[in-house]
Amino acid sequence: MNSSEENAVSAMSAGRSALRMGPAELVQAAAMARRFYLEGKSKIQIAEEFGVSRFKVARVLETALERDLVRIEIRVPAELDAERSDALRSRYGLRHAVVVESPADATEDAPDPENLGAVAADLLGELVNEGDVLGLAWGRSTIHMAASLHRLPPCTVVQLTGVYDAGTAERGSVEAVRRAAQVSGGDAHPIYAPMLLPDPATAAALRGQTGIARAFEYFDKVTVAAVSIGSWEPGISTVHDMLTDEERAHYASLGVAAEMSAHLFDAEGRRVGRDLGERCITVEADRLRRIPEVVAIAGGLRKASAIGAVLRSGLVTSLVTDTAVADFLLTESEPGLRPALERADPDDLVG
């Protein structure tokens, strides 16, 4: 076999058990294995070629595996942890969980691993189909993801939240929306407004402006969304940093543990401080819950508890994170229902 064959299957004798087969059986089994595993031929095609039944082919292939004549290797890029990814997906009922290796020198205060954005960009390239509406929420992780995009099917891209600071729009979510639309060749619907306003009246007035209202009209059409997660600490939650000390203390007293798209959550994933939403330019939680695919991009131990809280909210369906966070989430107490699969609101389950 050449080197490319060895990457997928090693169809050769590799132990005494294989040698118990006669030479004709060995040759035939190796040939059938090569056809099936390397050339992609069906069992029916192989049966026709060798003049046997497809059941005979199935038995030969099974025997080849049992007797170590065939070895199948499953390989993923070194930066991806397939075992943790599958365990995390199963535990929380996620549609997709992609876990990347944490930096070797990562500490509890370290920011999101830099490679999360690139991996999330590749994941969106898989999830988005032609004609979809892609929604992007403000967040450093989603901005890094958009910068890493290299392929997207033709789709419409809409901004789901206002920006951290209107003065940084060109470097933030507005630019992320433009970048994604440029890659896909679709239309862009950015929101030129701050995420947090001084009062509900100002926020309501801005929502009625033509450009912002047009973006809001697309919220119910979004099929895939990308969001970031922050824990309730300085520098890790955009909303936390925009509030006054008095407001931060108030929401902290309500038990806020996590923030996503200006929605606040306690440790059990229940929404708290809902009055804050009246002052924000953001997609409503109920609309977010109806989006078929919501991908959260967040990592770093400093966010681990917050990520767990948001997973319990039932608002997200998929997660891109790192091994340190995955280990934390996998050793947490059982989440109960598989929230990402049921999309259930924890508030509806109380009592």
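This short talk describes the empty spaces in this structure and one helix beside them. Please keep in mind throughout that the model is predicted.

I begin with the largest pocket. It holds about 320 Å³ of space, and 23 residues form its lining. Which residues lie nearest the centre of this pocket? They are Asp-112, Gly-139, Arg-140, Ser-141 and Lys-303. By class, the lining has nine polar, eight nonpolar and six charged residues.

Three elements each give at least two residues to that lining: the helix α7, residues 116-127, the helix α8, residues 140-148, and the strand β7, residues 258-260. The largest share belongs to α8, with three residues.

Let me stay with α7 for a moment. Is this helix largely enclosed or not by the rest of the structure? It is largely enclosed, because nine of its 12 residues are buried. The buried positions are Leu-116, Gly-117, Val-119, Ala-120, Ala-121, Leu-123, Leu-124, Gly-125 and Leu-127. Their cover includes the helix α8 and several strands, namely β1 (96-100), β2 (133-136), β5 (224-228), β10 (293-297) and β11 (318-322). Thus α8 appears twice in this account: it helps to cover α7, and it supplies residues to the lining of the largest pocket.

The length of α7 can also be checked. With 12 residues at 1.5 Å a residue, the helix should span 16 Å, and its end C-alpha atoms are indeed 16 Å apart, so the two values agree.

I turn now to the enclosed space. How many cavities of 30 Å³ or more are counted? The count is one. The volume of the largest cavity is about 30 Å³. Its lining consists of Ala-262, His-263, Leu-264, Arg-271, Val-272, Gly-273, Arg-274, Leu-276 and Gly-277. Of these residues, four are nonpolar, three polar and two charged. The strands β8, residues 263-265, and β9, residues 271-272, each contribute at least two of them.

One residue of this lining, Gly-273, deserves a closer look. Gly-273 sits in the loop between β9 and α14, the latter covering residues 285-290. Its relative accessibility is 12%, and because the cut-off for buried is under 20%, Gly-273 counts as buried. Leaving aside residues up to four places away in sequence, Gly-273 touches Tyr-251, Leu-254 and Leu-264. Leu-264 is itself part of the cavity lining. Finally, Gly-273 and His-250 are 23 residues apart in sequence, while their C-alpha atoms are 8.9 Å apart in space.

Conventions:
Residues are numbered from 1 along each chain as its sequence is written. This is a predicted model: local features need pLDDT of at least 70, side-chain atom pairs count only at pLDDT 80 or more; totals for chains, interfaces and linings use all residues. Side-chain values use heavy atoms; hydrogens and water are left out. On a 1 Å grid over the protein atoms alone, a cavity is a set of points where a 1.4 Å probe fits but cannot get out, and a pocket is an open set with protein on both sides within 12 Å along at least five of seven lines; lining residues have an atom within 4 Å of a point. Grid points are joined across faces, edges and corners, and a volume is the space filled by probe spheres set on the points. Helices (H or I, at least four residues) and strands (E, at least two) are DSSP runs, numbered from the N terminus. Ala, Val, Leu, Ile, Met, Phe, Trp, Tyr, Cys and Pro count as nonpolar, Asp, Glu, Lys and Arg as charged, and the others, Gly among them, as polar. Buried means under 20% relative accessible area, exposed over 50%, partly exposed in between (1.4 Å probe, protein chains only). Contact means heavy atoms within 4.5 Å. The expected span of a helix is 1.5 Å times one less than its number of residues.
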